[in-house]
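Got the structure open and not sure where to start? Let's walk through it together, one feature at a time.

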Amino acid sequence: MDLQIVFPALIFLPAFLGFVGCVFPRIVFPFGVLSLLGFAASSFAALQGDFAYAFTLVGEGGIQFSIDSYAFPLIFGSCITLLIVFGLFANRFTHYFYQICLVLLTALFISFNAVDLVSLFISLELLGFCAFLLVADRNDKKSLFNSFQYLIGGGLAMLIYLIGVVQAFTYTGSFLLEDLVNAPDTALCLIIAGLLTKSGVFLCGLWVPNIYSHANCQSSAILSGCVTCAGIAPIARMSQILTPISDSMIVIGVISAVVAAIYAVFERESGRALGWSSVSQLGIAILSPSYGCIYAMQHGICKALLFSTLRDENDHSNSLSNLDSMHFNNRNSPKELLRVIVFVVASLSIMGFPFLAGFITKTWIKYDIPFEARLIYTTASLLTSTVYARLIFDRISVFSKKQNLNQATPFDLVNAFNDLFARPKNYILMLSIIFLACSSLLFPELLTLGSIQSAVVSAILGGILFVSVVGIQADDFVKPVTRTLDLVGAPFLVAALLLANLLYLKI
């Protein structure tokens, strides 16, 4: 079998299914799900080995791809995220929703595998248009405003990126990432500023909390699980071959990890807190070129589960406090309890709790970054534990209050369990818990007494810190800053800071 034909066909298969699905939506949907299962299984198998393959599309001088260890984790994470969303929210899909997701997947495949700057530009632009449609899917004034803000800000970021690409080409005569070693510092800064904006890393990631908190649950899950991962692979590739970029990513990563985590600690609205947490976690991901992609994969899957279970399944509003308006009965108790358990497990995984996937990826990152950055990384981890201690507390509190409202209704255990195991959605949630737990057992050498003790202490300290800041309202501090550092201005500011660092500060 000629891999030169097979791999391009696989990359563009989701987009093909997406376009055909616009004509035959019900017929194509099962094929879309099967293709996602196939991509997830094959990328997971490749993760276990050391497979890598590079090829050039359309002959000599064409588009160059490298399917390697940078791409496989992100392909796996994106496919699992889409499978979770397709399985849990298929009954909520509006017109063309899943078709957009399949086109989005092809854009992600190209951004994960492309090693030239022009292909990256095209894929990120396509990704931006798909994300625009997902954000606007809620179809109200605020979502339309957020989607246009994302489109304009993303377009501006890609303009900065394109200027950097043109300047790099004038010096190197090539669009390949590996040839950027001969590019001037200004070109590198402009290219990285564009990629950071797409990745949602602080300061460029100020669009993340607003959009995550207002978009539909299914859109937020895809944005957090897939879209923000698009820039991680090219940043990791560039950090691996360019020392100035690697050093700058350490500075930007620790700033993003700590500052965004502080914002998340003082954020009262759960959706926005998850958004700030994403900015913080993606900052951690860019710290390590070797493990950044697999860290982003773990974070994306967990964040997709969190947004999918953040609210009651019957709640279509954005408020967690409007208990009186929620339709809830005891028949749904086991199902809702399962959603709460998934929310808690996914939160603990992001905290890095032992025997969960996040523990493994956090351990890898911790011992792969410079010693000077490890202290700040530990601080960010403590703040992350504080954020998720609060989110877990809020989620369980809402569930308990709703249970108390329905105490008068008799509870039928047999019907409840029959209902629990009769719904395919519940199997998806249960498999998610099993996956997060079992994946940590694949690397038993990392489960040492010292690392487990450190993770448990971090979680306990996070809980104590949460208790100490309960009731602090920081809106007066948070909102003016985010309004000032608007999305449109952030890419310019980051590009200027990067340039200043490379030319003068040299951190």
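What follows is a short tutorial chat about reading this predicted model.

Q: Before anything else, what is the average pLDDT of the protein, and what share of the residues score at least 70?

A: Start with confidence, as you're looking at a prediction. The protein averages a pLDDT of 82, and 86% of the residues score at least 70. Over residues 318-330, though, the pLDDT is below 50. That stretch still has 31 contacts in the model beyond near neighbours in sequence. Be careful there: where pLDDT is low, the predicted coordinates should not be read in detail.

Q: Okay. How do I check a helix, say α14: what should its 19 residues span?

A: Allow 1.5 Å a residue, then look at the two ends. Helix α14 covers residues 333-351, so the expected span is 27 Å. Its end C-alpha atoms are 27 Å apart, which agrees.

Q: And how many residues of α14 are buried?

A: 16 of the 19, so α14 is largely enclosed by the rest of the structure. Right after the helix comes Gly352, with a positive phi near 85°.

Q: Which residues other than glycine have a positive phi here?

A: First the general idea: most residues other than glycine have a negative phi. Two cases to look at are Asn139, with a phi of about 60°, and Phe355, with a phi near 65°. Asn139 sits in the loop between α5 (117-135) and α6 (141-172). Phe355 is in the loop between α14 and α15 (357-366).

Q: Are those two buried, partly exposed or exposed?

A: Asn139 counts as exposed, at 60% relative accessibility. Phe355 has a relative accessible area of 44%, so it is partly exposed.

Q: Now let me pick a single residue. Where is Tyr388, and is it buried or exposed?

A: You'll find Tyr388 in helix α16, which runs over residues 371-405. Its relative accessibility is 0%, so Tyr388 counts as buried.

Q: Which residues is Tyr388 in contact with, leaving aside its neighbours within four places in sequence?

A: Look for Leu274, Ser277, Lys303, Leu306, Ser347, Ile350 and Met351. With Ser277 there is also a polar contact of 2.5 Å between the side chains. Met351 shows how the fold brings parts of the chain together: Tyr388 and Met351 are 37 residues apart in sequence, with their C-alpha atoms 7.1 Å apart in space.

Q: Let's try Phe12 the same way. Where does it lie, and how accessible is it?

A: Phe12 belongs to helix α1, residues 3-21. Its relative accessible area is 37%, so Phe12 is partly exposed. Setting aside neighbours within four places in sequence, Phe12 is in contact with Leu57, Thr106 and Ile110. Try the C-alpha distance to Val103 as well: 8.6 Å in space, for two residues 91 apart in sequence.

Q: Last topic: how many disulfides does the structure hold?

A: A disulfide is a covalent bond between the sulfur atoms of two cysteines. This structure holds zero.

Q: Why is there no bond at Cys130?

A: The closest cysteine sulfur, in Cys101, is 8.5 Å from the sulfur of Cys130, and that is too far for a bond. Cys130 itself has 5% relative accessibility, so it counts as buried. Cys22, at 36%, counts as partly exposed.

Terms used
Residues numbered from 1 in each chain as written. Predicted model: local features only at pLDDT ≥ 70, side-chain atom pairs only at ≥ 80, totals over all residues. Heavy atoms only, no water. Helix = DSSP H or I, 4+ residues; strand = E, 2+ residues; numbered from the N terminus. Expected span 1.5 Å × (residues − 1). Buried < 20%, exposed > 50% of the residue type's maximum accessible area, 1.4 Å probe, protein only. Contact = heavy atoms within 4.5 Å. pLDDT = per-residue confidence, 0-100. Polar contact = N/O pair within 3.5 Å; in protein donor to acceptor, adjacent residues only side chain to side chain. Disulfide = S-S within 2.5 Å.
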